[in-house]
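Me: I am new to this structure and should be grateful for a close look at one part of it. Please choose a starting point, describe its surroundings, and then set it within the chain as a whole.

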Amino acid sequence: MAAHRKPRQRSFGGHKARTAFTLALAGAATATAFDGTGQAEPNLTPAQVKAKVDRLYREAEEATEKYNGAHEKATAAEQRLKSLRDEAARKEERLNSAREKLGSMAAAQYRDGGLGPAVQLALSDDPDGYLDGAAFAERAGDRQSAAVSRVRRQLREIEQLRGSARLELTTLRTRQAELEKHKTTITGKLDAARRLLSRLTEADRARVTGSTTTGGGTGTRASRASTGGARDSLRTPGSTAGAPTARAAAAVSYAYSKLGSPYVWGATGPNAFDCSGLALAAYRSAGISLPRTTYAQIDAGRRVSRSELLPGDLVFFYSGITHVGIYIGDGRMIHAPNPSAPVRVAPISEMPFAGATRVV
């Protein structure tokens, strides 16, 4: 009678089990979602990818404006720190000069201090001359006292400057830490958006980023066609006639000239821009200085309603005032959308309108 042996069970702690567990961990890591949810990302439709990418771009743009603001403040703090250090160096030079003069006076006093005034008068061959000299010495003593007071005052001023410089340095380091934080956020969001877009076909990716035409051309050709059409419209008579001032018209013309330029976060031209960087550069070309960020630019002029818009007005979007474009008339604007699209013409209706301002 054949012996029936019970199959030998392997311990879960064996080699195969460890291998399976390792593979499971690797699979879980691979399935981690791009947006940090920690769950497997299902196969998304182009519409779902577009929604996720749009959200990532909005979040990146919000972080970009915070970065721009922190960069502006860091630059100002750096300039103030340099100014304080320069002023302290100048005062130290004056202090050293005053100390040298005071040292010379002290040495002279020491050399002449061996005889008292009465003895010097008694031994003097010219008592009248000595008395005149004594009066001069008294005045010299007053000058010495004043010189000591000046040195003390200069020391206090230098110490105050050094204290201010230390505070400014702390502020600068805080701003630099903010810059790094916002930079990490921006690059993370943009990397996630790129990964999502890379999963689409070229045609779907072009449709998602809005750079195709109904004729089925590639995104690049469509973008160039859009750019060329916008530039042609500038050449038609009266294309900036509705602008309220010559400077507003100049800003619009500059924006037209930059159609097709790439979006680069933190850039203010001349060859690449983010949204607020384009607005800043356009008005800078017209001789007007704008603040760096969208949430400061909206207060840089007179607020106007949507129905009052004229070419050159700045139009803002989203509740956090995180995007800006330059209005060109007919319900359209020129703006720097995001890293997947160059500077281009777009309807202002494509994003939630938040307000507008007329700079000049």
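Reply: Glu92 has its place in helix α2 of a model that is predicted. With a relative accessible area of 27%, Glu92 is partly exposed, because that value falls between the limits of 20% for buried and 50% for exposed residues. Once neighbours within four places in sequence are set aside, Glu92 is in contact with Ile158 and Arg162. Its C-alpha atom is separated by 8.3 Å from that of Leu155, although the two positions lie 63 residues apart in the numbering of the chain.

A second position offers a parallel case. Thr171 is found in helix α4, and its relative accessibility of 28% makes it partly exposed. Thr171 and Leu81 are 90 residues apart in sequence, yet 9.7 Å separates them in space from C-alpha to C-alpha.

Helices α2 and α4 appear again in the description of a pocket. The second largest pocket holds about 440 Å³ of space. Two or more residues of its lining are given by each of α2 (46-112), α4 (127-198) and α5 (202-208). The largest share, 8 residues, is that of α2. In total 26 residues line this pocket, and those nearest its centre are Asp54, Tyr318, Pro337, Asn338 and Met351. By class, the lining divides into 12 nonpolar, 7 polar and 7 charged residues.

From α5 the account passes to the loop that joins it to α6 (219-235), where Thr209 lies. Is Thr209 buried or exposed? Its relative accessibility is 11%, and therefore Thr209 counts as buried. Beyond its neighbours within four places in sequence, the contacts of Thr209 are with Leu197, Ser340, Ala341 and Arg344. One of these, Arg344, belongs to the span of strand β5 (residues 344-347).

That strand leads into a set of antiparallel pairings. Over 4 bridges, β5 pairs in the antiparallel sense with β4, and within this pairing Met333 has Ala346 in β5 as its bridge partner. On to the next pairing: strand β4 (residues 332-335) is joined by 3 bridges to strand β3 (residues 323-329), the two running antiparallel. Here Ile326 stands opposite Ile334 in β4. A hairpin is formed by β3 and β4, with 2 residues between the strands, and Asp330 in the turn has a positive phi of about 55°.

Strand β3 has a further antiparallel pairing, with β2, made by 4 bridges. In this pairing the bridge partner of Val315 is Gly325 in β3. The hairpin of β2 and β3 has 5 residues between its strands, and Tyr318 there takes a positive phi near 70°. Tyr318 is also one of the residues nearest the centre of the second largest pocket.

Strand β2 (residues 314-317) can be considered by its two sides. Leu314 and Phe316 point one way, Val315 and Phe317 point the other way, and all of these residues are buried. Another 4 bridges join β2 to strand β6 (residues 353-358), again in an antiparallel arrangement. Val315 stands opposite Ala356 in β6, and has Gly325 as its bridge partner in β3.

Helix α8 (residues 275-285) adds a covered element to this picture, with 9 of its 11 residues buried. Those buried residues are Cys275, Ser276, Gly277, Leu278, Ala279, Leu280, Ala281, Ala282 and Tyr283. After α8 comes Gly287, whose phi is positive, near 85°.

It remains to set these parts within the whole. The chain contains 9 helices and 6 strands. Of its 360 residues, 36% are buried. The accessible surface comes to about 21200 Å², and carbon and sulfur atoms account for 53% of that area. When contacts between residues at least 6 apart in sequence are considered, 63% of them join residues at least 24 apart. The contacts of Glu92 with Ile158 and Arg162, and those of Thr209 with Ser340, Ala341 and Arg344, may be examined in the structure with that figure in mind.

Technical notes:
Residues numbered from 1 in each chain as written. Predicted model: local features only at pLDDT ≥ 70, side-chain atom pairs only at ≥ 80, totals over all residues. Heavy atoms only, no water. Pairing = 2+ DSSP bridges. 1 Å grid on protein atoms, 1.4 Å probe; cavity = no way out; pocket = protein on both sides within 12 Å on 5 of 7 lines; lining within 4 Å. Points joined across faces, edges and corners; volume = space filled by probe spheres on them. Nonpolar A, V, L, I, M, F, W, Y, C, P; charged D, E, K, R; others polar. Buried < 20%, exposed > 50% of the residue type's maximum accessible area, 1.4 Å probe, protein only. Contact = heavy atoms within 4.5 Å. Areas by Shrake-Rupley, 256 points an atom, 1.4 Å probe, with all protein chains shown as cover.
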